[in-house]
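I opened a fresh page for this one and kept my notes in the order I looked things up. Here is the model I worked from.

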Amino acid sequence: MMRARSGWREAARKAAALLPYLAAVAAVFIALAPVYWLLTISLKREVDQFAYPPQWIGFTATLEHYRDAFAGGSFAAYFENSVLLAAISTIAALAIGVPAAYGLARFEWPRQWDHRIADWILSTRMLPPIVTIVPLFLMLRQARLLNSLIGLAIVYTGFNLPFVVWMMRGFFEEVPKEIEEAAMLDGESRSGALLRIVLPLVRPGLAATAVFCLVVAWNEFLFALILTQTEAAMTLPVGIASRVTQYEIKWGAMSAAGVVAMIPVLVFAAAAQKYLVRGLSLGAVKG
Amino acid sequence: MRNVALALFLAAFLLSCSGTPQRSLTIAVNAGVEGTALKAAARQWGQANHARIEVVELPYANLFEKEQLDLTSRTGAYDVIMLDDPWFPRMAADLARLPRDPDSDFVSTCLEVCRHPYKTGAYLALPYVGNAQLFFYRKDLFEKYRLGAPKTWDDVLVAAKKIGEGEKIYGYVMRAAPGNAVVADFMPLLWAFGGGVMEGNRAICNSPPAVEALRFMLELGKYSPPGYAGFNADEVSAHLLQGTAAMSINWPAWIAAMDDPAKSKVVGKIEFSQMPGERDPGVGELGAWLVAVPAGSKHAADAFEFIYWATEPAQMKQAALRGNPPTRRSIFQSPDLIAKFRSYPAQLASLESARPRPRTAEWNEIENSFGIYLSKANDGAMDPRAALNAAADSIQKILERNESATHP
Amino acid sequence: MNRRRIPEGFPWVLPSLLVLLALSIYPLIYSVKLAAADRGNFTRLFTDRLFLTASIQTIVLTIAALAIEFFLGLALALLVDSLARGRMFFRTALLIPMLLPPVVAAVAWRLIYNPQFGVLNGTLRWLGFHTAHLTWTSGESSALASVILVDVWEWTPFLFLLLSAGLQAIPPEPLEAARVDGAGAWRIFRDVTLPLLKPTIVLALLLRAMDLVRIFDQIFILTQGGPGTATETVSLYIYRTAFRFSNFGYAAAMSFVLLAATMLFSRGLLRAMRAR
């Protein structure tokens, strides 16, 4: 009798210990179910997409929507634009922003100017896009850069620049000054020391920063929506959005494009996982 | 070695960018049924003329914005645009004038909206899609319940009640999503009850007949599916196609789908007729799609050549066979097409009597405000009279604001 | 030392400053010019009922989403932190919604919400619930809540991630000391964990609030502001005013209200970052 009771108690305790896991699994289910559903729609034949009851598993899979969207379809062009744009704007933001970060982290500035400049730079990042979009549109129009990857790349560079400065400034500050001072005593110039000594030391941070810029450019929607007009410059998010509101929505092709759009982001995020917190908090929380 | 490969790649890339000079047209069309025919025509024209054709398909909600930005900035991104006729007064200032006037085979209501000012001015567009609202109803159910064809809105209400209760389906279905949708479904009622939106520069959409019309719309709403205050055209058509609703106002572009066994459960059961009347005879709303050449186009000569070609009788007949409602009388009356499209006589009659939306450059903003309050009334969030008073108030403000200010 | 000498680091910073002047400050000045061209633009702000509605809804959305995301994020962070095993797995899996392109996330939710064909109502119906009245984003009364739900789904991971990092950074000593003093779990959380977590909380809330007041992408795809004005927000109304009604001046005037709100948050944010 006693044994049975303590056995029951044991089981209850074990069950209680499992509860947190159940809750965590439920949370993961909620987080992933919409993504999974999008994936299934992209793989289902049209007749099954909206079948009742909903087919969560065990449907006939097909790749026709991926072929539809990308082989010869506009999405191939959008994809190419997105890739080029993310690459160009990231490289530009790094090229301009890394020296600034170094300058703020390494030199003596009178009256805390380094902090003031850094704060000002960060505050430009906080401008809501909708505030600057109208003037930017009119400016690009004057420069004849509407509907061009270059025009959009310029805008994205400005968007990512503050982020690069803040992230890299933090990474540079973590490198002891003495290392480059020693190199400069050995006859290296300042920029030589930066290129050959310091940058290799902050390589992981640099990579993480680049990844964040890539993701921001890849995901961006509002600027791309307004500043592009044809396939010459439309990006994947704009392409996907432009298929959403029409009468007969091609859910399959759109979902396929959505799945393709999210894969690079997930890969990049996995690569930069160590720096995720730091990147998402604009460098404020040092991981 | 790697550098050489890179250089070659770059060179190839640059070459592919510059390309060889050739004729090219960029065409902005509505994504969906209305754009299909023009898209096909553009491809055909491109092949025949060795021209590079780019078709930019945009959803209705964003097409206007894209085109408007291109027009006012004269960016020249698009050589041909497809536009909904209520946008025309707003866009007219930035459209290129047609090199020659269109012939008189086009239905006159469609031609009138291509002129700026309305009816009298220069031609700035050609009508491509001859859309005017029709009344769709289930003929089989009307016969089953011994109901005559609906001539007035009172007939519609009686039928909605009878069929709805008898068949356990929705007697009527309408769309009352804010913006274009709810306004389009309300206008025929408003006109039939003798009301209007504006008179000159005065908002009159809260006049007694208008309030009556809106009350009537809510009455009909009782026989509509729940949530209809969020419906758009696709939901309305889905209910008709699935046989879950018996009547609605709809556009000719959907006729083909109703008789297509792959999409419809009601093949051959739907009758398409003219709009019911009430105090005034019934008129449908004109929703013609026009083709025009932006003043900023860098290929205007080719663009004009294309739009004249696409609206010729021969081409329009081909487009009609692809399901495009024509704008030419001769196409509507051609016997072989009537044999194929049983609704053509009704379509032509409705198109010839159709009424366009008020010809004002501010229509988008007015429709937006009007739609918000109509949708709120349908949703039960506002009393009909209060909703129309609020709508009139905000429309009046829009009219006054734009009377004094000129647009940049 | 010459005080007027240009700081040595200045040339390094100059290109960035120029780019940002051209792409942020010049547009702002341009906006002022656009808005000030007609004084009516500013007076209209106070009489425009739609702008008022949009502002109120933006505030409601921001506060509601922020509160829910914070409590859920904190609960999840504490939950996962308490697990003996699989922490890494849960931490990674729970982040995914936040990483998706916002457009893709919104598209997925359109597939889910559709009252007739959506998987949400489909699954509920299959489980035996009545779904005829569940119109989600297409119902006037439920649309804003549905949009908030999507935001909660997408961004709770952000709060979760930051708060998790904050929890991990708490040194074990004060917790031990409290335990030795015989404090219960709730007391420890309230008196030790929460105060130590506060800087992270403030930072996370400010970052999130700044994104919420400018929310655009998800709503643009989900509802375009409808039905009625049920999900109209300030960003969307500015967009419509500029690009649909072609009134750039009034759009610029409204955007300054948004800017003011953002500046309020960003000052707090900079102070919070400094405090760390």
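**Entry 1: the domains of chain B.** I began with the domain assignment, which splits chain B into domain 1 (20-131 + 286-353) and domain 2 (134-285 + 358-404). A reminder to myself: this is a predicted model. I then took the centres of domain 1 of chain B and domain 2 of chain B over C-alpha atoms and found 26 Å between them.

**Entry 2: where the two domains touch.** I counted 18 residues of domain 1 of chain B in contact with 18 residues of domain 2 of chain B. On the side of domain 1 of chain B that touches domain 2 of chain B, I found α2 (33-48), α4 (88-91) and α16 (344-353) of chain B each supplying at least two residues. Which element gives the largest share of that side? My lookup says α16(B), with 5 residues. By class, I noted 9 nonpolar, 7 polar and 2 charged residues on this side of domain 1 of chain B.

**Entry 3: a sheet in chain B.** Next I traced an open sheet of 5 strands in chain B, with the order β2-β1-β3-β12-β6 and mixed pairing. Why do β2 (52-58) and β6 (126-129) of chain B each have one side without a neighbour in the sheet? I see that they stand at the edges and each has a single partner strand, so one side of each is left open in that sense, without a neighbouring strand. I also checked the twist: neighbouring strands of this sheet are turned by 25° against each other on average, ignoring direction.

I zoomed in on one pair, strand β1 (residues 24-30) of chain B and β2(B), which run parallel and are joined by 7 bridges. Within this part of chain B, I found Val29(B) opposite Glu57(B) in β2(B).

**Entry 4: helices across the sheet.** I looked at what lies over these strands. α2(B) lies across β1, β2, β3 (80-84), β6 and β12 (289-292) of chain B, and I get about 170° between α2(B) and β2(B). Helix α3 (residues 60-73) of chain B lies across β1, β2 and β3 of chain B, at about 135° to β1(B).

**Entry 5: chain C.** I turned to chain C and listed 13 helices and 0 strands. Its C-alpha trace spans about 80 × 70 × 30 Å along the principal axes. I have 53% of the 276 residues in chain C down as buried. Of the contacts in chain C with a separation of 6 or more, 72% join residues 24 or more positions apart.

**Entry 6: chain A and its partners.** For chain A with chain C, I counted 73 residues from chain A and 74 residues from chain C in the contact. Helix α1 (residues 2-43) of chain A gives the most to the chain A side, with 13 residues. I sorted that side of chain A into 60 nonpolar, 11 polar and 2 charged residues.

For chain A with chain B, I found 12 residues of chain A in contact with 18 residues of chain B. Here the chain A side divides into 3 nonpolar, 6 polar and 3 charged residues.

**Entry 7: one residue of chain A.** I finished on Gln112(A), which lies in the loop between α4 (74-106) and α5 (113-125) of chain A. Is Gln112(A) buried or exposed? I count 10 other C-beta atoms within 10 Å, so Gln112(A) is exposed; the cut-off is 12 or fewer. Last, I compared Gln112(A) with Ser6(A): the two are 106 residues apart in sequence and 68 Å apart in space, C-alpha to C-alpha.

Notes. Residues are numbered from 1 along each chain as its sequence is written. Chains are lettered from A and ligands numbered from 1 in the order in which they are written. This is a predicted model: local features need pLDDT of at least 70, side-chain atom pairs count only at pLDDT 80 or more; totals for chains, interfaces and linings use all residues. Two residues are in contact if their C-beta atoms, placed from the backbone, lie within 7 Å. Ala, Val, Leu, Ile, Met, Phe, Trp, Tyr, Cys and Pro count as nonpolar, Asp, Glu, Lys and Arg as charged, and the others, Gly among them, as polar. Helices (H or I, at least four residues) and strands (E, at least two) are DSSP runs, numbered from the N terminus. A residue is buried if 20 or more other C-beta atoms lie within 10 Å of its own, exposed if 12 or fewer, and partly exposed in between; C-beta atoms are placed from the backbone. Domain bounds come from an automatic or database domain assignment. Two strands pair if DSSP finds at least two bridges between them. Axes are lines fitted to C-alpha atoms, for helices over the stretch in contact, and angles run from 0 to 180 degrees between N-to-C directions.
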